[in-house]
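Colleague: I am new to this one. Please show it, then take my questions.

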Amino acid sequence: MQREIEAWGIPTISLSNNPGATGRVMPPRWAHVRFPRGSMLGEPGNHDKQMAVLRDTLAALASIATPGGHVELPYRWEASPIPWRGKSLSEGSNS
Amino acid sequence: MTARAKVDGRWIADFRSRYDAWWPGAAPLIDKHDYASAFKTYPWPAFTETLWAPVTKPLGASRIGVVTTGGLYRAGHDGPFDGKAPDGDWSFRAIPAETPIQTLAISHEHFPHETAQADMNTIFPLDRLRELEAGGEIGGLTSTHYSLMGYCTRAADVAEAMAPEIASRLKAEGADAVLVVPV
């Protein structure tokens, strides 16, 4: 998806909590977050963190200078783990 | 679906033949929800290059479009995705920018919904983007945003049918940059 949009001349950036999966699709730019699966901009209701993630990610549109480049976002998961298919998803859990 | 893909599709024939070899063995594992075993041998597309459109406008003058893979749809306007299909769903839903995002429904069987149901901004941050627009940090939002259901094993159909249609619409709607939120 991201590749096709770039081919139409529109720069893109994606969020990723799963660098292995992201690497396979060779996106032009991406921002690494450590939030668990299903929670790409942080905890529900955490307005300030959502704004920070968005600001950093959109700023990286311009700051990433080479194809495939990414930025590491520093934000932590500050809520309880999320139950999922018999497992518990915490910071960094992406499957 | 009318738009044709602009991205190089030379990987597609190779993918389709490897996919057809993979699917008969994978389908019974997917039926048992043993995704780890099924996708251990998935024929990942063999991309060889990174596409790159340069940024030409400052963010404060850029119109932003959003694509989420969270399987969001407008209940009452559009139907749900086929969340239970073993090979996924490669359709998409257009979501007008003025849609109150907390009214969106989720049809996606492959991520926990608790966070998004409590606050859709965690996977489709239109409210936060409107705040950035109000503060002049971005130029604005496109009139429409797009939702797809991120579980789809048929990468060739995504590349040939869904992706070009969404990309062409974003282009027509004047998107200067697009935020992609894979869920």
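**The contact between the chains**

Colleague: How many residues does each chain put into the contact?
Modeller: Two residues are in contact if their C-beta atoms, placed from the backbone, lie within 7 Å. The contact takes 40 residues from chain A and, from chain B, 47 residues.

This is a predicted model: local features need pLDDT of at least 70, side-chain atom pairs count only at pLDDT 80 or more, and totals for chains, interfaces and linings use all residues. Residues are numbered from 1 along each chain as its sequence is written, with chains lettered from A and ligands numbered from 1 in the order in which they are written.

Colleague: Which element gives the most to the side of chain A that touches chain B?
Modeller: Helices (H or I, at least four residues) and strands (E, at least two) are DSSP runs, numbered from the N terminus. α1 (2-7), β1 (12-16), α3 (47-63) and β4 (82-84) of chain A each supply at least two residues of that side. With seven residues, the top contributor is α3(A).

Colleague: Which strand of chain B is joined to β1(A)?
Modeller: Strands pair if DSSP finds at least two bridges between them. Here three bridges link two parallel strands. Thr12(A) stands opposite Val178(B). The partner of β1(A) is β7 (residues 177-181) of chain B.

Colleague: How confident is the predictor in chain B?
Modeller: pLDDT is the predictor's confidence in each residue, from 0 to 100. In chain B, 99% of the residues score at least 70. The complex has an ipTM of 0.97 and a pTM of 0.96. Chain B averages a pLDDT of 95.
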